[in-house]
Amino acid sequence: MKNKTNYNPADILSRASARTSSLNPFLKEEATSNHNATEIPVDQILTENNPRKTFNESTIRELAESISQYGLLQPIVVRKKAGKYELINGERRFRAHKLLKRKNILAIVKNVEQIDISKLPEIKLVENLQREDLSESDLALSLQELKNRHKETNEQLAKRINKSGQWVKTKIAHAEILKETNISITSDKNHPIFQIPTSLFTEIAPLDVSNRKKAIDYLIKGLEKKGDFPSRNDLREFVRPLKPNKPKASKPKLGNLELKDLKNKLLKIKEKISQLQNEKSILEEAIRKFKK
């Protein structure tokens with residue numbers, strides 16, 4: 001049995017974030033030639049756990065036209081599963097073939113033992129980041145899926161994918177707000193909420209659930225009226241009165257304090273008085289020097 005390939009998600013995601021054209025980790029140089037690929041039936045391919053939930057139909061049509069004219073320049077990658085094939089890499093190419101009503105597609109078939117199954121979500125996420133940018137909603141939901149799958153904190157996830165803790169925190173907050181709306185990205189993929197960028201969700205995050213809904217409605221109405229979402233500054237002004245007021249910490253009444261607490265409080269006041277007296281003396285001495 002061949003050894004499973006080890007992948008470093010941090011290293012791969014780091015390259016992906018730079019939007020390089022580096023090859024998918026499955027597509028080693030020697031594996032891209034046709035003699036390592038084979039034609040497989042399109043209707044035998046399963047698409048599961050792809051972090052990309054939304055696809056631009058116009059770009060799929062453009063890709064289909066390119067494939068029709070020039071052929072498939074790069075095979076998809078699949079693994080054998082339950083007598084069929086699970087798609088690992090190349091869903092846009094797969095969709096283009098379905099659009100062309102092609103019966104077969106050129107694929108590199110990996111054996112189950114060659115792949116660490118626990119790494120598939122990371123690998124699919126990286127593939128999408130490298131080939132075509134995920135929408136911000138897809139990215140946020142994908143990262144939340146990885147976090148939940150590995151039962152990690154935001155800090156642990158950030159370390160593993162080589163991102164800052166703040167970056168991960170904002171993405172996870174984005175995903176949590178999407179989840180609480182109960183709008184399905186699978187059945188309602190064209191809903192405008194999935195177009196809202198993370199930067200705007202950052203302004204919404206401190207609100208309670210009902211006020212988040214008001215803020216989201218405000219953004220969507222702005223999109224419908226002007227063709228674009230309100231600016232971050234406009235949203236900030238809108239949510240300002242909706243943010244919860246932080247209660248001022250009330251000072252305990254002296255009558256409610258124990259003798260020990262009263263003595264400690266008096267000691268702190270004496271220390272402050274002593275400090276102020278020292279500062280007073282220094283200032284008075286400085287003034288006398290000026291008068292001389």
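This passage walks through the overall make-up of the protein, its sheet and one lysine in a helix.

The structure is a predicted model. A good place to begin is the general inventory: the protein contains 11 helices and five strands. Of its 292 residues, 38% are buried. The accessible surface amounts to about 18,700 Å², and carbon and sulfur atoms contribute 50% of that area. Contacts across the sequence also deserve a look. Among contacts with a separation of 6 or more, 73% link residues that are 24 or more positions apart.

The strands come next. Five strands form an open sheet with mixed pairing, and reading across the sheet gives the order S1-S5-S3-S4-S2. Its edges are strand S1, covering residues 38-41, and strand S2, covering residues 45-46, each of which pairs on one side only. Within the sheet, strand S3 (residues 76-81) and strand S4 (residues 84-89) run antiparallel and are joined by five bridges. For a reader who would like to find this pairing in the model, Arg 79 offers a handy starting point: its bridge partner in S4 is Glu 86.

Among the helices, H7 spans residues 165-180 and includes Lys 171. The relative accessible area of Lys 171 is 8%, and because this falls under the 20% cut-off, the residue counts as buried. Leaving aside residues up to four places away in sequence, Lys 171 touches Glu 136, Leu 139, Ala 140, Leu 143 and Thr 198.

Technical notes. Residues are numbered from 1 along each chain as its sequence is written. This is a predicted model: local features need pLDDT of at least 70, side-chain atom pairs count only at pLDDT 80 or more; totals for chains, interfaces and linings use all residues. Side-chain values use heavy atoms; hydrogens and water are left out. Two strands pair if DSSP finds at least two bridges between them. Helices (H or I, at least four residues) and strands (E, at least two) are DSSP runs, numbered from the N terminus. Buried means under 20% relative accessible area, exposed over 50%, partly exposed in between (1.4 Å probe, protein chains only). Contact means heavy atoms within 4.5 Å. Accessible areas come from the Shrake-Rupley method with a 1.4 Å probe; for residues, only the protein chains shown count as cover.
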